[in-house]
Amino acid sequence: YQWDITTQLREKIASIYSLTKEHVVVGAGSSELLGVVSLMAALQKGNAVAPDPTFRLWMPAAKKMGLPIKLVPLTANKSVDLQRLKDAMDASTKMVYICNPNNPTGTVIPANELETFIKEVSPKAIILLDEAYTEFSDESSMAKLVNDYPNLIVAKTFSKIYGMAGARAGFGLAHPQTVKQLNELQPWSNAGISVGIDTEVFDDLE
């Protein structure tokens, strides 16, 4: 089993974001982690809010798990409308999903606007921030906020910037207590990454 390697990988990922390995959960691509986070939200018996269109792969399973999803149209220039996302929330909203840059439109929420949104909304609901494409933009990751906002979960993947779509390697960054909760919902904590990944990959991480 790949325990030593996945532990090294979590440590390397953590060092990039000035975090500890306890802030990192890994899985079979970020898609597994999107599913685990939506399961955590579904268990809270409420709804989720997401832009439309956006990355939808996680949505059918989330709905079957009992998490209805309110879809909020993008703006006229195809950007995520943060104000309308907030307006769509109600007392039963347990999760807000944002993909930044958005898939499929490629539009980017400026970091200062997104940070303000996180600070305002995360005390009320989980924010699942999908950063699969952040490295292709000039905006910084929101991982710096996870210690202060335990409801913020940043999902990232090796499939895009590292071109490893077939390796099924993804990771999430969150408060250690939140990571512990996510681990408890994985069939096998931190074990989903393909055994084909090896330590040579670590040299390319920045």
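Which side chains meet in a salt bridge with an N to O distance of 2.9 Å? They are those of Glu131 and Lys156, where a salt bridge is a side-chain nitrogen of Lys or Arg within 4 Å of a carboxyl oxygen of Asp or Glu. Glu131 sits in the loop between S5 and S6 while Lys156 belongs to strand S6, so this pair ties together parts that are 25 residues apart in sequence. Both Glu131 and Lys156 are buried, meaning under 20% relative accessible area, with exposed set at over 50% and partly exposed in between (1.4 Å probe, protein chains only).

A word on the ground rules. This is a predicted model, in which local features need pLDDT of at least 70 and side-chain atom pairs count only at pLDDT 80 or more, while totals for chains, interfaces and linings use all residues. Residues are numbered from 1 along each chain as its sequence is written, and side-chain values use heavy atoms, with hydrogens and water left out.

**The sheet and its helices**

Seven strands form an open sheet with mixed pairing, in the order S1-S7-S6-S5-S4-S2-S3. Strands S1 (24-27) and S3 (69-73) are the edges, each pairing on one side only. Neighbouring strands of this sheet are turned by 20° against each other on average, direction ignored. Strands (E, at least two residues) and helices (H or I, at least four) are DSSP runs numbered from the N terminus, and two strands pair if DSSP finds at least two bridges between them.

Strands S6 (residues 152-157) and S7 (residues 170-173) run antiparallel and are joined by four bridges. Thr157 stands opposite Gly170 in S7. Helix H1 (residues 3-16) packs on the sheet, touching S1 and S7, and its direction makes about 130° with that of S1. Helix H6 (residues 176-183) also packs on the sheet, where it touches S1 and S6 at about 25° to the direction of S1. Contact means heavy atoms within 4.5 Å; axes are lines fitted to C-alpha atoms, for helices over the stretch in contact, and angles run from 0 to 180 degrees between N-to-C directions.

**Salt bridges**

Side chains of opposite charge can pair when their charged atoms come close. The count here comes to nine salt bridges, including these:

| Pair | Closest N to O distance |
|---|---|
| Lys86 and Glu120 | 3.0 Å |
| Glu115 and Lys119 | 3.2 Å |
| Glu131 and Lys156 | 2.9 Å |

Lys86 lies in helix H4 (residues 82-88) and Glu120 in helix H5 (residues 111-121), so their salt bridge ties together parts that are 34 residues apart in sequence. Lys86 is partly exposed at 23% relative accessibility, and Glu120 is partly exposed at 36%.

Glu115 and Lys119 are separated by about one helical turn, because they are four residues apart in helix H5. Glu115 is buried at 18% relative accessible area, whereas Lys119 is partly exposed at 40%. Salt bridges that share partners join Glu115, Lys119 and Lys144 into one network.

**A buried leucine**

Leu145 is found in the loop between strand S5 (126-130) and S6. Leu145 is buried, with a relative accessible area of 6%. Not counting residues up to four places away in sequence, Leu145 touches Glu115, Ile118 and Leu152.
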